[in-house]
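Here is a short report for a reader meeting this structure for the first time. Look at the model first, then follow the text from one residue outward to the whole chain.

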Amino acid sequence: MGDAQLKPCPFCGGPAEWKSGGPGCAWISCKQCPAETGDGSIQRVKDAWNRRADIAALQSQARESALEALSAYGQAQDAYAAQLKAEAKLRDAIVEGMRIATLAPIEMVTEAIEDALRKLTGATP
Ligand SMILES: [Zn+2]
């Protein structure tokens, strides 16, 4: 059996050769290292030996995954910034409520707190 159609060993780059254990039992082995296929039909064994990972596709997938992760990180940062902003508004509302509470009757305090909460949640009365 000729070795012309066999690619070099995917591990060491060495030349490949056919091995046979009898009729219907063939596999491909590297001449330089222990790499070898399982046995099977000539075509299956040859396809198995000659199959290579598509490096460009893997790199493209890795790039896509990295961009997705970066985008998710950006969204998380935006969400965190929004949370900090909401907390600052809440602090301001509490401080304002306490300031009014020291000056005004309870109805005005309640109204001020409700007003602050409306502003905070964006709800209309
Ligand atoms: Zn090898």
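Leaving aside residues up to four places away in sequence, Val109 touches Gly97, Ile100, Ala101 and Ala104. The model is a predicted one. Val109 sits in helix 3. Is Val109 buried or exposed? Neither label fits: Val109 has 17 C-beta neighbours inside 10 Å, so it counts as partly exposed. A buried residue would need 20 or more.

**Two helices side by side**

The contacts of Val109 belong to a wider meeting of helices. On the helix 2 side, Lys89, Leu90, Ala93, Glu96, Gly97, Ile100 and Ala101 take part. On the helix 3 side, their partners are Met108, Val109, Ala112, Ile113, Ala116, Leu117 and Leu120.

Two packed helices are described by the angle between their axes and the distance between the axes. Here the angle is about 170 degrees, and the axes of helix 2 and helix 3 lie 9 Å apart. Angles over 145 degrees count as roughly antiparallel. Helix 2 and helix 3 are therefore roughly antiparallel to each other.

Helix 2 covers residues 55-101. Helix 3 covers residues 106-121. Pro105 lies in the loop between helix 2 and helix 3. Pro105 is exposed, because 9 other C-beta atoms lie within 10 Å, and 12 or fewer is the limit for that class.

**Toward the start of the chain**

Gly13 belongs to the segment before strand 1, which spans 16-22. Gly13 has 11 C-beta neighbours inside 10 Å, so it too counts as exposed.

How far apart are residues separated along the chain? The table gives three pairs, with C-alpha distances.

| Pair | Apart in sequence | Apart in space |
|---|---|---|
| Val109 and Lys31 | 78 residues | 89 Å |
| Pro105 and Ala48 | 57 residues | 85 Å |
| Gly13 and Ala57 | 44 residues | 22 Å |

**The whole chain**

What pattern does the chain follow along the sequence? It reads β-β-α-α-α. That makes 3 helices and 2 strands. The chain is divided into domain 1 (1-52) and domain 2 (55-120). The C-alpha centres of domain 1 and domain 2 are 62 Å apart.

The overall dimensions come next. Taken along the principal axes, the C-alpha atoms fill a box of roughly 100 × 25 × 20 Å. The radius of gyration is 35 Å, whereas a compact globule of 125 residues would have one near 14 Å.

What share of the residues is buried? Buried residues make up 6% of the 125 in the chain. Contacts can also be sorted by their span in sequence. Take those between residues at least 6 apart in sequence: 19% of them join residues at least 24 apart.

**Confidence**

The mean pLDDT of the chain is 88. A value of 70 or more is reached by 95% of the residues. Where is confidence highest, and where is it lowest? Strand 2 (residues 25-30) is highest, at a mean of 94. Helix 3 is lowest, at a mean of 81. Where pLDDT is low, the predicted coordinates should not be read in detail.

Methods
Residues numbered from 1 in each chain as written. Predicted model: local features only at pLDDT ≥ 70, side-chain atom pairs only at ≥ 80, totals over all residues. Domains from an automatic or database assignment. Helix = DSSP H or I, 4+ residues; strand = E, 2+ residues; numbered from the N terminus. Rg over C-alpha atoms; globule rule 2.2 N^0.38 Å. Contact = placed C-beta atoms within 7 Å. pLDDT = per-residue confidence, 0-100. Axes fitted to C-alpha atoms, helices over the stretch in contact; angles between N-to-C directions. Parallel < 35°, antiparallel > 145°, perpendicular 65-115°, else oblique.
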